[in-house]
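Please load the model in your viewer and keep a selection command at hand. The stops below are meant to be taken in order, each beginning with something to select.

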Amino acid sequence: MDELVAEIRTAISAAASGPPLPDRKFNKDDEFVAYGLNVPAWRKIMREFRPRLRAPSLDERLALAEALFAEGGGWLGHSAIYVLALNVGELGPQHFERLDRMADRFTGWSHVDDVCISVLQPLLLAHRAETLSLLERWNGSPDRWKRRASVVAFVRKIGESGQFTDPALRLCENLVFDGKDLVRKGVGWALKDVMRGDRQRVLEYVKELRRRGVSSTITLYAIRDLDGRERGEVLAVTPNRTAS
């Protein structure tokens, strides 16, 4: 595995426009360190490695993902997630402790969003109860990236399905006063997409958040799909300063 990790690192370095540096454009307050590389170039590299990524045993492939995360670079972290996504159909609850340890290596929101959409969402569909239990743990984690992941797992088709409204709202509720901006943005994104699957219920919840004085970061993200009367009704709600 060490040889394959080194080859992936070398391929990324060779395709990059510069050495790995903190990405302050899109990750201004994060630990995310990345080579100067765009997404299409990185995907091309990973496609070339794909046959070799499928050849080892599942345990070896998971060890490869762990080793890539341990490299500490942004694109190498995404390469680890690429390996996990390739094997997501073989993953189950017995692998969740390893996945939890890998999540300790997230260094930016893009790692979180990538793993949520390409790994956690398929696991939610295949192993609902166990994956929700993992997200519950992350929801209360001191690690902001795990907290963000606990709600971003419900975006897009998962939220739109209407099948996960209850757990999504419960986990979002726990984070509506989170001190980290990118966690709050994750809550808003989740609410926006869950609203697509349960419109009236989530709309009323967002109005209640406005009454409670929750950050506008959350509520404005949540209503991005709305216009006209419904949007106006939400924006007209003011905090209830007399509430106990």
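Begin by selecting F154 and F164 in this predicted model: F154 is buried, and F164 is buried as well. For orientation, a pair of aromatic rings is described by the distance of the centres and the angle of the planes. There are four aromatic pairs by the ring-centre criterion. F154 and F164 make up one of them, a tilted pair with 6.4 Å from centre to centre and 50 degrees between the planes. This pair links distant parts of the chain, since F154 sits in the loop between α8 (144-152) and α9 (156-160), while F164 sits in the loop between α9 and α10, 10 residues apart.

Keep F154 selected and display its surroundings: leaving out residues up to four places away in sequence, F154 touches a set that includes Q121, L124, L132, L135, G159, P167, A168, L171, D193 and V194. F154 also belongs to the residues with the most contacts inside the largest nonpolar core, which has 79 residues, and the others named there are I8, I12, L53, L135 and L191. As background, nonpolar side chains tend to be buried together in soluble globular proteins.

Next, select α8 as a whole and colour it by accessibility. Nine of the nine residues of α8 are buried, so this helix is largely enclosed by the rest of the structure. The buried set contains charged residue types as well as W145, and among its members are R144, K146, R147 and R148. Around them, showing the neighbouring helices brings up α5 (96-103), α6 (109-126), α7, α10 and α11 (181-197), against which the buried residues of α8 pack. At the N-terminal end, D143 acts as the cap of α8, with a side-chain oxygen 2.7 Å from the backbone nitrogen of W145.

From there, step to R156, which is found in helix α9. What is the sign of phi at R156? Phi is positive there, at about 55 degrees, although R156 is not a glycine. For comparison, most residues other than glycine have a negative phi. The relative accessible area of R156 is 44%, so R156 is partly exposed.

Move on to T165 in helix α10 (residues 165-174). Is T165 buried or exposed? Its relative accessible area is 4%, which means that T165 is buried. Setting aside neighbours within four places in sequence, T165 is in contact with V194, D198, R201 and V202.

Now select α2 (residues 39-54) and draw its axis. The 16 residues of α2 should span 22 Å at 1.5 Å a residue, and the end C-alpha atoms lie 21 Å apart, which agrees. Along this helix, look for a kink of about 40 degrees at E48, shortly before the proline P51. The buried residues of α2 are W42, I45, M46, F49 and L53, and they pack against α1 (2-15), α3 (58-70) and α4 (74-86). W42 also forms one aromatic cluster with W75 and Y82. At the N-terminal end of α2, the cap is N38, whose side-chain oxygen lies 2.8 Å from the backbone nitrogen of A41.

Finish at E130 in helix α7 (residues 128-139). With a relative accessibility of 37%, E130 counts as partly exposed. Not counting residues up to four places away in sequence, E130 touches P93 and F96. Adding R52 to the selection gives a distance to try: the C-alpha atoms of E130 and R52 are separated by 30 Å, and the two residues are 78 residues apart along the chain.

How values were computed: Residues are numbered from 1 along each chain as its sequence is written. This is a predicted model: local features need pLDDT of at least 70, side-chain atom pairs count only at pLDDT 80 or more; totals for chains, interfaces and linings use all residues. Side-chain values use heavy atoms; hydrogens and water are left out. A nonpolar core is a set of buried Ala, Val, Leu, Ile, Met, Phe, Trp, Tyr and Cys residues joined through side-chain atoms within 4.5 Å. Buried means under 20% relative accessible area, exposed over 50%, partly exposed in between (1.4 Å probe, protein chains only). Contact means heavy atoms within 4.5 Å. Helices (H or I, at least four residues) and strands (E, at least two) are DSSP runs, numbered from the N terminus. The expected span of a helix is 1.5 Å times one less than its number of residues. The bend at a residue is the angle between axes fitted to the seven residues ending there and the seven starting there. A polar contact is a pair of N or O atoms within 3.5 Å; within protein, one must be able to donate a hydrogen and the other to accept it, and residues adjacent in sequence count only if both atoms are side-chain atoms. Rings of Phe, Tyr and Trp (its six-membered ring) pair if their centres lie within 6.5 Å; planes under 30 degrees apart count as stacked, over 60 as edge-to-face and the rest as tilted.
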